[in-house]
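User: Hi! I'm new to reading protein structures. Could you walk me through this one?

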Amino acid sequence: MKITRAKVIVTCPGRNFVTLKIETDQGVYGIGDATLNGRELAVVSYLEDHVVPCLIGRDPRRIEDIWQYLYRGAYWRRGPVTMRAIAAVDMALWDIKAKMAGMPLYDLLGGKSRDRVMVYGHANGRDIAETVDAVGQYIDMGYKAIRAQTGIPGIKDAYGVGRGTLFYEPADAALPSETGWDTRKALNHIPKLFDKLRETYGFDYHLLHDGHHRYTPQEAANLGRMLEPYQLFWLEDCTPAENQEAFRLVRQHTVTPLAVGEIFNTIWDAKDLIENQLIDYIRATVVGAGGLTHLRRIADLASLYQIRTGCHGATDLSPVTMGCALHFDSWVPNFGIQEYMRHAEETDAVFPHDYRFDDGYLICGESPGHGVDIDEALAAKYPYKPAYLPVARLNDGTIWNW
Ligand code: GCO
Ligand code: MG
């Protein structure tokens, strides 16, 4: 069996997506996601100019060998562009193998460990009252777990606040828009949000919060401690993780569960965090961390320390990643939760898929493969539109972590 063609499809049905379609001499094809929000075309070139020529003629059944070939063979290991390209190939190859076996992908991974996948949605508002209402809407839709973010008085476009209450799309401008940040104001305001949420809805729902890399370790420890009475499911990205050791300080001072990893590319980004038990949830996902082949390794390492998974699932990961993630989530023994931001209707139409939402859970489809396809004719109607993530500045103009 041979790979005969691999093609990169760029489309913007509501937002930009990069998709890889691998075709074989047996008529079976596979689909992979290669979207890197704000740097999409770098991955397109990496795939078209440097990966696709190496794939033609290879046996698509040799997933592990092709993974190692692309990872070790590049010599320049790791990084978001390389690992997204590898992830796209990996997803497409698993899709092909599962289709050939006539099995849903979870069966090939080892079979289901659970019937349904608990997801969390994003509730946000310009102020506490609006966020409290938005959380109520999620509860009414059946969600058991909700991430809550709010506007903060005195901060221009605080992280996580969208235009409506239910949708949030940060990559909103042809050049990065400028937002503000003020840690003092945030530390004063965020605990009030969770106080109100617990007072309004009680303690039966899981609540999550994303710090989006804004705090120093000491500030993150302070926030984690202040949030303890509200028993969060997790506090995410409380401090940047390039220095994994930074989480030790946070950990020493708070029992609020910690999650990190949506920008991790490989197991090496998480190794110290996991082995030193500095986190509770690992957020690496299929497209970010080299596909299913590599994400499995991260999850297995995490399982030794009772650390659970919490795959990134924002709208900048295409339905292809969501489909793969749901097969992974259905199988992985140490599953925690899956992020689920709803895609726009146009996105869902371009990527026909067989997963579905039901009462706070996503249910993985049963069709052979990962269950997500691309409608190429429809995709062609939505040409690429440059869109960047924002930047953040402190009051004195200093660039901060967005
Ligand atoms: C999340 C994330 C996203 C990111 C986005 C960047 O937890 O869902 O923080 O909202 O900001 O994926 O492109
Ligand atoms: Mg996040």
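Analyst: Happy to! We can talk about a sheet and then about some salt bridges, and keep in mind that this is a predicted model.

User: Cool. In what order do the three strands of the open sheet come?

Analyst: The order is E1-E2-E3, and the pairing is antiparallel.

User: Which ones are the edge strands?

Analyst: Those are strand E1, residues 3-11, and strand E3, residues 29-33. Each of them pairs on one side only. There is a twist as well, averaging 20° from one strand to the next.

User: What actually holds strands of a sheet together as pairs?

Analyst: In general, strands pair through backbone hydrogen bonds, and they can do so in a parallel or an antiparallel way.

User: OK, and over how many bridges do E1 and E2 pair?

Analyst: Eight bridges, in the antiparallel sense, with E2 covering residues 17-24. To find a spot to look at, try valine 8, which stands opposite leucine 20 in E2.

User: Which helix packs on that sheet?

Analyst: That's helix H1, residues 40-55, and it touches E1 and E2. The direction of H1 makes about 175° with that of E1.

User: Switching topic: how many salt bridges does the count come to?

Analyst: The count comes to 23 salt bridges. One of them joins glutamate 199 and lysine 196, with the closest N and O atoms 3.5 Å apart.

User: How far apart are those two in helix H6?

Analyst: They are three residues apart in H6, which spans residues 183-201, so about one helical turn separates them.

User: Is glutamate 199 buried or exposed?

Analyst: Glutamate 199 is exposed, with a relative accessible area of 58%. Lysine 196 has 36%, so lysine 196 counts as partly exposed.

User: What about arginine 283, which residue does it form a salt bridge with?

Analyst: Arginine 283 pairs with glutamate 236, and their closest N and O atoms are 3.0 Å apart. Arginine 283 lies in the loop between strand E10 and helix H10, while glutamate 236 is in strand E8, so this pair ties together parts that are 47 residues apart in sequence.

User: Are these two buried or exposed?

Analyst: Arginine 283 is buried, at 0% relative accessibility. Glutamate 236 also counts as buried, at 0%.

User: Which residues are linked with them in a network of salt bridges?

Analyst: The network links Glu236 and Arg283 with Glu262 and Glu339.

User: One last pair, please! How close do lysine 156 and aspartate 157 come?

Analyst: They form a salt bridge too, and their closest N and O atoms are 3.8 Å apart.

Key
Residues numbered from 1 in each chain as written. Chains lettered and ligands numbered in written order. Predicted model: local features only at pLDDT ≥ 70, side-chain atom pairs only at ≥ 80, totals over all residues. Heavy atoms only, no water. Pairing = 2+ DSSP bridges. Helix = DSSP H or I, 4+ residues; strand = E, 2+ residues; numbered from the N terminus. Axes fitted to C-alpha atoms, helices over the stretch in contact; angles between N-to-C directions. Contact = heavy atoms within 4.5 Å. Salt bridge = Lys/Arg side-chain N within 4 Å of Asp/Glu carboxyl O. Buried < 20%, exposed > 50% of the residue type's maximum accessible area, 1.4 Å probe, protein only.
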